[in-house]
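Take a walk through this structure, one contact and one loop at a time. Keep the sequence beside the 3D view.

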Amino acid sequence: MVLKDETRLIRAALTPAQPGAPMHAGPVFATAFHTPGDPGLAEYSYARSHNPTWTALEAAVAGLEGEGAEVRVFSSGLAAVAAVFAVTLRPGDEVVVPEDLYFGARQVLEEMFVPVGVRVRAVAAERLGEAEVLAGARLVWIETPSNPRLTITDIAGLCERARAAGVLVAVDNTTATPYAQRPLELGADFSVCSDSKSMCGHSDLLLGHVAVRDREWLQKIDRHRTLGGAVAGPMEAWLALRSLQTLPLRLERSSANALAVAEMLRERADVEEVLYPGLTTHAGHGIATRQMRMYGAVLSFTLSAQSSAERFLAGSKLLTEATSFGGVTSSAERRGRWGHDAIAPGLIRVSVGCEHVDDLLEDFRQALDGAR
Ligand SMILES: *Cc1c(COP(=O)(O)O)cnc(C)c1O
């Protein structure tokens with residue numbers, strides 16, 4: 001019986017049915033494991049290399065990443081990002097990134113990799129697959145949907161062109177999660193995700209993972225984690241395993257709510273632009289529909305000025321003003337306040353949570369009316 005993702009995630013944490021045994025395994029708190037004689041014979045030896053709670057989590061995530069996927073979890077999304085850069089890039093290599101690359105990844109490249117001779121080429125997301133952009137590069141890094149502008153990149157199309165050019169492809173899949181989008185099945189070499197966002201979904205866990213199909217890359221990612229030591233705590237890994245049981249429910253509700261909010265915003269004369277791949281008017285809607293199961297929790301919209309955006313956020317009763325996204329609690333921020341991205345001062349990025357859609361719509365309307 002081939003189980004669907006929803007069922008598999010719920011059953012991932014179950015223990016074998018021994019009378020009187022707990023239904024679910026708890027986190028395994030251990031630095032050292034019983035390792036008599038030849039240490040190679042023990043499945044677990046020392047906790048920086050492996051831990052049974054990671055193994056359970058990695059199996060659950062691998063199921064989401066699809067056929068043949070192997071996963072390694074890290075202590076944060078950025079540790080997972082840095083691991084892919086570290087195993088693929090050597091001095092003299094060039095990595096191609098989109099101009100609106102997640103700022104944390106940009107900082108890792110600029111502060112850790114450029115000083116040792118890696119070259120970074122940033123181009124508009126639409127140009128990533130062009131032959132002269134890919135020529136001579138080692139790795140192309142994409143993020144789709146990107147944020148805060150929710151740009152969509154055709155993963156399968158890009159992978160085909162990159163393979164022809166001999167360039168590796170890594171997809172930062174944080175906004176979609178592997179439940180909504182499977183980069184490895186679309187041809188990517190690496191699928192990377194910050195599990196701190198929609199994957200775990202309660203705004204209380206910092207985690208990340210890398211998924212690959214190729215055994216050699218898996219070995220390198222695994223070795224990088226053991227030596228770099230950016231390992232997840234057993235408690236975090238266990239909480240993640242529990243959080244994943246509700247990922248389909250959370251993401252379905254968030255996506256439906258986000259679409260309803262986006263459609264309402266689009267009708268408003270005081271909203272200049274609404275960016276959500278679920279809108280038929282979005283430039284990437286067709287590709288998003290082909291490569292995503294649902295459109296995710298994140299949308300952005302633009303008001304005329306910084307001051308109206310600030311009045312909107314102050315007047316909303318249900319949007320918690322915070323960075324990050326993907327939690328059950330709706331949150332929003334005026335993205336320009338960080339100064340990281342080249343975006344309009346009135347742009348608000350919203351992470352739509354799992355509240356009742358009527359409450360969200362009513363709150364958005366009253367906050368917009370008050371911001372005029
Ligand atoms: C948050 C985020 C990361 C980094 O993840 P952390 O868990 O915060 O380290 C990487 N990529 C994207 C797209 C993100 O949004």
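Ser-308, Arg-311, Phe-312 and Gly-315 in helix H12 meet a set of residues in helix H13: Phe-364, Gln-366, Ala-367, Leu-368, Gly-370 and Ala-371. Contact here means heavy atoms within 4.5 Å. The residues of this contact divide into 5 nonpolar, 4 polar and 1 charged. In this grouping Ala, Val, Leu, Ile, Met, Phe, Trp, Tyr, Cys and Pro are nonpolar, Asp, Glu, Lys and Arg are charged, and the others, Gly among them, are polar. Helices (H or I, at least four residues) and strands (E, at least two) are DSSP runs, numbered from the N terminus.

This is a predicted model, in which local features need pLDDT of at least 70, side-chain atom pairs count only at pLDDT 80 or more, and totals for chains, interfaces and linings use all residues. Residues are numbered from 1 along each chain as its sequence is written, and side-chain values use heavy atoms, with hydrogens and water left out.

Stay with the helix pair. H12 spans residues 306-315 and H13 spans residues 357-371. Their axes come within 8 Å and cross at roughly 140 degrees. The axes are lines fitted to C-alpha atoms, for helices over the stretch in contact, and angles run from 0 to 180 degrees between N-to-C directions. H12 and H13 are therefore oblique to each other. Under 35 degrees counts as roughly parallel, over 145 as roughly antiparallel, 65 to 115 as roughly perpendicular, and the rest as oblique. The crossing of H12 and H13 is right-handed: the near helix is turned clockwise from the far one by less than a right angle, whereas anticlockwise would be left-handed.

Now turn to helix H4, residues 103-113. Its buried residues are Phe-103, Gly-104, Ala-105, Val-108, Leu-109 and Phe-113. Buried means under 20% relative accessible area, exposed over 50%, and partly exposed in between (1.4 Å probe, protein chains only). What covers these H4 residues? The cover includes helix H3 (77-88), strand S2 (94-98) and strand S3 (119-123).

Arg-215 belongs to helix H8, residues 215-228. This arginine is exposed, with a relative accessible area of 54%. The C-alpha atoms of Arg-215 and Glu-70 are separated by 8.3 Å, although the two residues are 145 apart along the chain.

The loops come next. Strand S4 (139-143) and helix H6 (155-164) are joined by a loop that holds Pro-145. A cis peptide bond links Thr-144 to Pro-145, with omega about -10 degrees. Pro-148 sits in the loop between S4 and H6 too. Asn-147 and Pro-148 are joined by a cis peptide bond, and omega is about 10 degrees.

Two serines have a positive phi. For Ser-203 phi is near 55 degrees, and for Ser-324 it is near 70 degrees. Ser-203 lies between strand S6 (190-194) and strand S7 (208-212), in the loop. Ser-203 is exposed, at 60% relative accessible area. Ser-324 is in the loop between strand S10 (320-321) and strand S11 (331-334). At 30%, Ser-324 is partly exposed.

Finally, the cysteines. How many disulfides does a search of the whole structure find? The search finds 0. A disulfide is a pair of cysteine sulfur atoms within 2.5 Å. For Cys-159 the nearest cysteine sulfur, that of Cys-193, is 16 Å away. Cys-159 is buried, at 3% relative accessibility. The sulfur of Cys-354 is 14 Å from its closest cysteine sulfur, in Cys-200, so it is too far for a bond.
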